[in-house]
Each structure stands twice: as C-alpha cells, then as structure tokens.
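Let's take a walk through this one together. Keep the sequence open beside the 3D view so you can hop between the two.

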Amino acid sequence: MRCCACGVIEFTLCGVRVTVSVWFAAFFCLLFAGQRTPQAGWFLYLLAHELGHAAAAAVCGEKPRAVGFYVGRVRMVGGALRTRRAQLLISLSGPGVNLLLAGFFALRKNTDAYAVNLLLAGFNLLPVRSLDGGAALEALLPRRMAAARADAVCRGISLAVSLIVTTAGFWLMLRCRNPLLLMSGALLVCGCFFGN
C-alpha cells in the first residue's frame with residue numbers, strides 16, 4: 001500500500017490495482033458516521049462488490065486493470081465491453097456478491113452485516129445510469145432501438161428514480177435527522193446529468 005502526493009491511496013488486491021481518493025475516504029467517513037456498522041465494514045463490502053465486477057469481467061475475457069473509489073463514483077477500469085451479455089453479467093455480479101454476503105451473514109445471524117449487504121445490493125440494482133442497475137437496463141434494451149432513443153429512455157428512468165430517492169431522503173432526513181439517503185439521491189441526480 002502506498003500514499004501518493006496527489007491525495008490517493010493505492011494497493012493491489014487479487015491482481016487489481018485499487019485506488020482510493022482521500023476525498024472519497026473523508027466523504028465516506030462523514031456519510032456513514034454514526035451508523036451501527038463501522039465505516040471499515042461498509043468499505044470492505046463495497047470493495048467485495050467491486051471485485052465481483054472485476055472477477056466477472058475476467059470471466060468475460062476482459063482484463064480489469066484497476067478499481068477507483070472517488071467521491072460520487074466508483075469505477076472499474078478495463079477493456080471495452082464487447083457484448084450485451086458481458087455487460088449484463090458484469091453489471092449484476094457486484095450486487096450478486098453483496099447478495100451472497102447477505103445470505104452468509106443471515107446464516108451467521110449477523111443482522112448488521114446482512115442488512116448492509118442487502119442495502120448495497122438493492123441500491124446498486126436501482127435502474128439509474130451511474131449504478132449497476134442502469135448498466136443492466138442498457139444491456140437489456142432491445143438492440144434494434146436507436147442509440148439516441150436508448151440513451152433517452154435510460155436517462156429518463158434514471159432521473160425519475162433519482163428524484164424519488166432524493167425525495168425519500170429528504171423525508172427521512174426530516175423524520176430521523178439522517179442525511180444518508182438524501183446525499184445518495186443528490187449524487188444519483190448529478191450522475192444523471194454528468195454520468196456516462
């Protein structure tokens with residue numbers, strides 16, 4: 001593991017370079033401060049999620065080179081996806097890892113770890129273009145649909161879901177003084193306009 005002068009921490013895990021921005025680490029700690037599961041637990045489950053994507057990419061013939069954790073975005077760097085089937089498999093593998101972990105922790109009666117992994121899987125499966133569910137939605141759209149039309153459909157669904165999450169987050173913040181969902185929704189809305 002090494003710290004770079006540019007504000008990132010880098011290490012290699014399972015042959016994949018992992019880069020964590022110090023801004024991501026600071027934001028992550030603030031976001032999850034006061035939660036029952038420590039920030040390290042959340043990060044390990046998120047890292048397992050991303051390594052699930054990397055493993056699926058390797059199965060599909062891609063060579064994942066790096067996983068980067070940045071404020072508002074986690075990105076796997078590798079070759080371009082060649083098929084819709086590969087895109088679908090890679091997109092669903094991260095939430096799949098979280099569901100497997102949730103099952104494992106349910107059997108061990110660790111309700112906090114179970115809930116966190118279930119939450120990560122469910123949240124990432126939302127059909128929002130900056131999340132795995134959005135990438136899966138793009139892969140599932142008919143091939144005959146024009147690229148501009150497919151983009152408009154994905155963007156519209158992403159924006160609608162993001163606004164629902166943001167509204168629910170605002171309500172939750174008013175009721176429980178917990179800004180987690182509101183901040184997550186705001187990041188999703190930004191991803192609709194500034195995402196891929």
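**A walk along the chain**

Start right after helix H6, where Arg177 takes a positive phi of about 60 degrees. Keep in mind as you look around that this is a predicted model.

H6 itself runs from 147 to 176. Does its length add up? What span should you expect for its 30 residues? At 1.5 Å a residue, H6 should span 44 Å, and its end C-alpha atoms are 42 Å apart, so the two agree. Several residues of H6 are buried, among them Ala150, Val153, Cys154, Ser158, Val161 and Val165. There's a handy bit of helix geometry to remember as you scan those numbers: an α-helix has 3.6 residues a turn, so residues three or four places apart point the same way.

Now zoom out for a moment. The protein chain has seven helices and five strands. Going along the sequence, they come in the order β-β-β-α-α-β-β-α-α-α-α-α. Of the 196 residues in the chain, 40% are buried. As for how the chain folds back on itself, take the contacts between residues at least 6 apart in sequence: 52% of them join residues at least 24 apart.

Next stop is helix H3, residues 84–107. Its 24 residues should span 34 Å at 1.5 Å a residue, and the end C-alpha atoms are 34 Å apart, which agrees. Still, H3 has a bend of about 35 degrees at Ser93, with a proline, Pro95, following within four residues. Ser93, Gly94 and Pro95 are among the buried residues of H3, and so are Asn98, Ala102 and Phe105.

Who sits against that part of H3? One partner is His49, found in helix H2 (residues 39–59). His49 and Gly94 are 45 residues apart in sequence, yet their C-alpha atoms are 4.3 Å apart in space. Setting aside neighbours within four places in sequence, His49 is in contact with Gly94, Pro95, Val97, Asn98, Asn124 and Asp132. Is His49 buried or exposed? It has a relative accessibility of 1%, so His49 counts as buried.

Asn117 is another partner of H3, and it's found in helix H4 (residues 111–124). Not counting residues up to four places away in sequence, Asn117 touches Tyr45, Asn98, Leu101, Ala102 and Phe105. Its relative accessibility is 0%, so Asn117 counts as buried. Notice that Asn98 turns up in the contact list of His49 and again in that of Asn117.

Between H3 and H4 you'll come across a loop that holds Lys109. Lys109 has a positive phi of about 60 degrees although it is not a glycine. Its relative accessible area is 70%, so Lys109 is exposed.

Let's go back towards the start of the chain. Ser21 lies in strand E3 (residues 16–21). With its neighbours within four places left out, Ser21 is in contact with Gly7, Val8, Phe69 and Tyr70. Ser21 has a relative accessible area of 9%, so it is buried.

Pro64 is worth a look too, in the loop between H2 and strand E4 (66–70). A loop residue can be tucked away, and here is the case of this one: at 6% relative accessibility, Pro64 counts as buried. What is around it? Apart from neighbours within four places in sequence, Pro64 is in contact with Val16, Ala54, Ala57, Ala58, Met76, Val77 and Gly78. Pro64 and Gly15 are 49 residues apart in sequence, with 8.8 Å from C-alpha to C-alpha.

Finish at the second largest pocket, which has a volume of about 160 Å³. Which helices each supply at least two residues of its lining? They are H3, H5 (132–140) and H6. H6 gives the largest share, four residues. The lining includes Arg84 and Gln87, Glu138 and Ala139, and Ala147, Ala150, Asp151 and Cys154. Leu141, Pro142 and Met145 belong to the lining as well. By type, the lining residues divide into seven nonpolar, one polar and three charged. Two of the names here, Ala150 and Cys154, should be familiar from the buried residues of H6.

Terms used:
Residues are numbered from 1 along each chain as its sequence is written. This is a predicted model: local features need pLDDT of at least 70, side-chain atom pairs count only at pLDDT 80 or more; totals for chains, interfaces and linings use all residues. Side-chain values use heavy atoms; hydrogens and water are left out. On a 1 Å grid over the protein atoms alone, a cavity is a set of points where a 1.4 Å probe fits but cannot get out, and a pocket is an open set with protein on both sides within 12 Å along at least five of seven lines; lining residues have an atom within 4 Å of a point. Grid points are joined across faces, edges and corners, and a volume is the space filled by probe spheres set on the points. Ala, Val, Leu, Ile, Met, Phe, Trp, Tyr, Cys and Pro count as nonpolar, Asp, Glu, Lys and Arg as charged, and the others, Gly among them, as polar. The expected span of a helix is 1.5 Å times one less than its number of residues. The bend at a residue is the angle between axes fitted to the seven residues ending there and the seven starting there. Buried means under 20% relative accessible area, exposed over 50%, partly exposed in between (1.4 Å probe, protein chains only). Contact means heavy atoms within 4.5 Å.
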